[in-house]
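This briefing is written for a reader who is new to the structure shown below. Please keep the sequence and the 3D view at hand while reading.

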Amino acid sequence: MILDNNNYFLSIFIDLQKAFDVINHSKLLKKMSMYGIRGVAHHWLSSYLENRNQYVHINDTKSELWQIKCGVPQGSILGPKLFTLYMNDFAKVSNLGKILFADDTTLFHSGKSIQEVTKVVNEELEVIKHWFDLNGLILNAKKTNFMLFNNKKEKVKVKLEIDGVEIHRVRETKFLGVMIDDDLKWKSHINYTKGKIGKAISVLHRVKFFLNSCALLTLYNTMILPYLMYCVEVWGTTCKTYLQTIFILQKRAIRIITNSHYREPSNPLFIKLKVLKFPDIVDLSILKIMYKAKWNLLPVNLQNIFEIRTRRYNLKGTDVFKKPRFRTKIKERNIVVKGVNLWDALKQEIKECKTIITFKKHIKNSILEKYVNEN
């Protein structure tokens with residue numbers, strides 16, 4: 001891990017202005033032809049994009065028809081896919097690391113020296129800005145920002161520019177639905193999640209007199225559980241003291257569903273509803289990733305962070321994940337360390353489950369059995 005090696009990690013969050021609306025149709029069709037989309041398929045997509053018109057209607061006045069030569073239809077299934085095809089060759093433009101998800105573009109670079117990292121990033125940003133200009137994409141430098149991650153306590157000044165406009169440094173930002181802070185303690189995301197869960201609990205409280213526990217549990221599964229599970233493998237491994245408030249809110253929701261007193265022990269309630277406690281939701285989510293890693297079901301980049309060593313004679317079983325060395329608390333809580341610890345604690349028959357559905361069922365049953373034994 002980069003921070004475990006005491007390196008600097010710089011991440012730039014690119015903001016593209018009206019990204020879906022400025023896609024040039026002719027350039028998009030040319031790129032699709034280069035990717036092998038030709039013949040009938042190319043003609044069909046050309047027909048889908050071209051010969052579209054628009055006008056403005058205000059009260060009783062209509063403007064003239066104007067042919068649309070840019071942009072992909074939004075709200076459609078094809079929109080994000082066409083945008084991805086348009087951005088596909090961006091992966092080869094720069095030597096910086098890239099994370100591309102629809103119109104969310106994130107660049108990153110790391111190194112021992114902050115001066116070297118800054119120099120490389122500024123040079124590469126010029127190349128990237130040139131590519132955006134050639135492809136008709138508008139890079140909004142004022143809304144683009146960056147974060148610097150490092151374990152060193154000294155204050156580090158970093159200056160990044162795009163076309164002479166200085167990029168703003170932030171301490172936290174939202175990336176693909178997760179609030180990231182530069183010390184990776186996930187306090188921002190926990191506060192964000194608490195706010196969402198708190199609003200859902202207020203809804204449960206208002207309707208508890210009109211709905212039975214089954215209906216309230218359905219609301220819990222649709223309004224609260226998604227926030228507890230989304231990317232929890234990443235942020236749910238932080239300090240337990242930070243996560244305790246999430247667990248307290250979950251218990252409050254469970255008491256509302258079961259119409260229980262606010263001081264009533266929650267353990268029997270979790271057993272009754274067959275609902276996992278938040279810390280166990282975290283562990284189950286991590287174990288599902290470990291299961292996929294064992295059977296080589298993860299995307300290549302994620303699969304490569306795990307190392308499986310096979311021993312001919314091994315009392316614990318034939319498959320064991322190799323635990324990497326760690327120096328910092330951040331890496332100790334990382335899935336490559338915490339996940340290995342959780343996996344090694346499993347019974348061998350659970351590790352050998354043939355499907356992830358069966359694996360998940362066995363894990364959940366063992367956790368619920370643990371709740372019963374705690375009573």
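Y291 is found in helix α11, which spans residues 278-294. Helices (H or I, at least four residues) and strands (E, at least two) are DSSP runs, numbered from the N terminus. This is a predicted model, in which local features need pLDDT of at least 70 and side-chain atom pairs count only at pLDDT 80 or more, while totals for chains, interfaces and linings use all residues. Residues are numbered from 1 along each chain as its sequence is written, and side-chain values use heavy atoms, with hydrogens and water left out.

**Surroundings of Y291**

- Y291 counts as buried, because its relative accessibility is 2%; buried means under 20% relative accessible area, exposed over 50%, and partly exposed in between (1.4 Å probe, protein chains only).
- Not counting residues up to four places away in sequence, Y291 touches W343, K351, C353, K354, T355, I356 and F359; contact means heavy atoms within 4.5 Å.
- Between Y291 and W343 there are 8.4 Å from C-alpha to C-alpha, and the two are 52 residues apart along the chain.

**Two further helix residues**

- Q250 belongs to helix α9, residues 240-257.
- Q250 has a relative accessible area of 1% and is therefore buried.
- Leaving aside neighbours within four places in sequence, the contacts of Q250 are Y220, L228, F270, V275, L276, K277, F278 and I281.
- C214 sits in helix α6, residues 213-223.
- C214 has a relative accessible area of 55%, so it counts as exposed.
- The C-alpha atoms of C214 and T258 are 9.2 Å apart in space, with the two positions 44 residues apart in sequence numbering.

**The five-stranded sheet**

- An open sheet is formed by 5 strands in the order β7-β8-β1-β10-β13, with mixed pairing; two strands pair if DSSP finds at least two bridges between them.
- Its edge strands are β7 (97-101) and β13 (168-169), each of which pairs on one side only.
- Helix α4 (residues 114-134) packs on the sheet and touches β1 (8-14), β8 (104-111) and β10.
- The direction of α4 makes about 150 degrees with that of β8; axes are lines fitted to C-alpha atoms, for helices over the stretch in contact, and angles run from 0 to 180 degrees between N-to-C directions.

**Strand pairs, taken across the sheet**

- β7 and β8 are antiparallel and share 5 bridges, and G97 has F108 in β8 as its bridge partner.
- The same two strands, β7 and β8, make a hairpin with 2 residues between them.
- In the turn of this hairpin, A102 has a positive phi of about 55 degrees.
- β1 and β8 run antiparallel and are joined by 7 bridges, with S11 standing opposite F108 in β8.
- β1 is also joined to β10, in the antiparallel sense, by 5 bridges, and I12 has F146 in β10 as its bridge partner.
- β10 (residues 145-149) and β13 run parallel and are joined by 2 bridges.
- N145 has H168 in β13 as its bridge partner, and F146 stands opposite R169 in β13.

**Why is β10 largely enclosed by the rest of the structure?**

- In β10, 5 of the 5 residues are buried, so the strand is largely enclosed by the rest of the structure.
- Both faces of β10 are covered, with N145, M147 and F149 buried on one side and F146 and L148 buried on the other.

**The chain as a whole**

- The chain contains 16 helices and 17 strands.
- Its C-alpha atoms fill a box of roughly 70 × 60 × 50 Å along the principal axes.
- The chain has 375 residues, of which 42% count as buried.
- Of the contacts in the chain with a separation of 6 or more, 65% are between residues 24 or more positions apart.
- About 22,200 Å² of the chain is exposed, and carbon and sulfur atoms supply 55% of that area; accessible areas come from the Shrake-Rupley method with a 1.4 Å probe, and for residues only the protein chains shown count as cover.
- There are 61 positive and 34 negative side chains, where Lys and Arg count as positive and Asp and Glu as negative, and His and the chain ends are not counted.
- The centres of the two charge sets lie 7 Å apart, the place of a charge being NZ of Lys, CZ of Arg, CG of Asp or CD of Glu.
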